[in-house]
Amino acid sequence: MLKINEWSTRRRIESLRQMDIFLSELNCASRYTIWKKYGGGQKSTEEETNANWERIAEDDELYQNALFCYMVCTLEKQTLSGFGF
């Protein structure tokens, strides 16, 4: 298995796109808050979205932050349920 820092920019961009699709399918509210801000969520145009994904994909720290953000978003129902939201 490749280490994350060995992933190509193209592969990282595609993974961000797939994560965004999955969060949409999960109907996570956090897709529109923390994912949009830190994880590479949709921007106002397709060009802006792609440019943002490329920016994140080219930076190891930003990409790792996006992965962490995605994990938090997918656990939304479990993590928020204990706080009475």
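Q: How many aromatic pairs are there in this predicted model?
A: The count comes to two aromatic pairs.

Q: Why is the pair of Phe-22 and Tyr-70 called tilted?
A: The planes of Phe-22 and Tyr-70 sit at 55° to each other. Stacked needs under 30 degrees and edge-to-face needs over 60, so an angle that fits neither counts as tilted. The centres are 6.5 Å apart, and the rule asks for centres within 6.5 Å, so this is a pair.

Q: What parts does the pair of Phe-22 and Tyr-70 tie together?
A: Phe-22 belongs to helix α1 (residues 9-26) and Tyr-70 to helix α4 (residues 60-74), so the pair links parts that are 48 residues apart in sequence. Ring pairs also bring in Trp-35, making a cluster of Phe-22, Trp-35 and Tyr-70.

Q: Why is Phe-22 called partly exposed?
A: Its relative accessible area is 35%. Buried would take under 20% and exposed over 50%, so a value in between gets the label partly exposed.

Q: What makes Arg-11 count as lying over the face of Trp-7?
A: Arg-11 is 5.2 Å from the ring centre of Trp-7, and the distance limit is 6 Å, along with a limit of 35 degrees from the ring normal.

Q: How many disulfides does a search of the whole structure find?
A: Zero.

Q: Why is Cys-28 in no disulfide?
A: The nearest cysteine sulfur, that of Cys-73, is 6.3 Å away. A disulfide needs two sulfurs within 2.5 Å, so this one doesn't qualify.

Q: And what about Cys-69: which cysteine sulfur is nearest?
A: That of Cys-73, at 4.2 Å, and Cys-69 is in no disulfide either. Cys-69 is buried, with a relative accessible area of 5%.

Technical notes
Residues are numbered from 1 along each chain as its sequence is written. This is a predicted model: local features need pLDDT of at least 70, side-chain atom pairs count only at pLDDT 80 or more; totals for chains, interfaces and linings use all residues. Side-chain values use heavy atoms; hydrogens and water are left out. Rings of Phe, Tyr and Trp (its six-membered ring) pair if their centres lie within 6.5 Å; planes under 30 degrees apart count as stacked, over 60 as edge-to-face and the rest as tilted. Helices (H or I, at least four residues) and strands (E, at least two) are DSSP runs, numbered from the N terminus. Buried means under 20% relative accessible area, exposed over 50%, partly exposed in between (1.4 Å probe, protein chains only).
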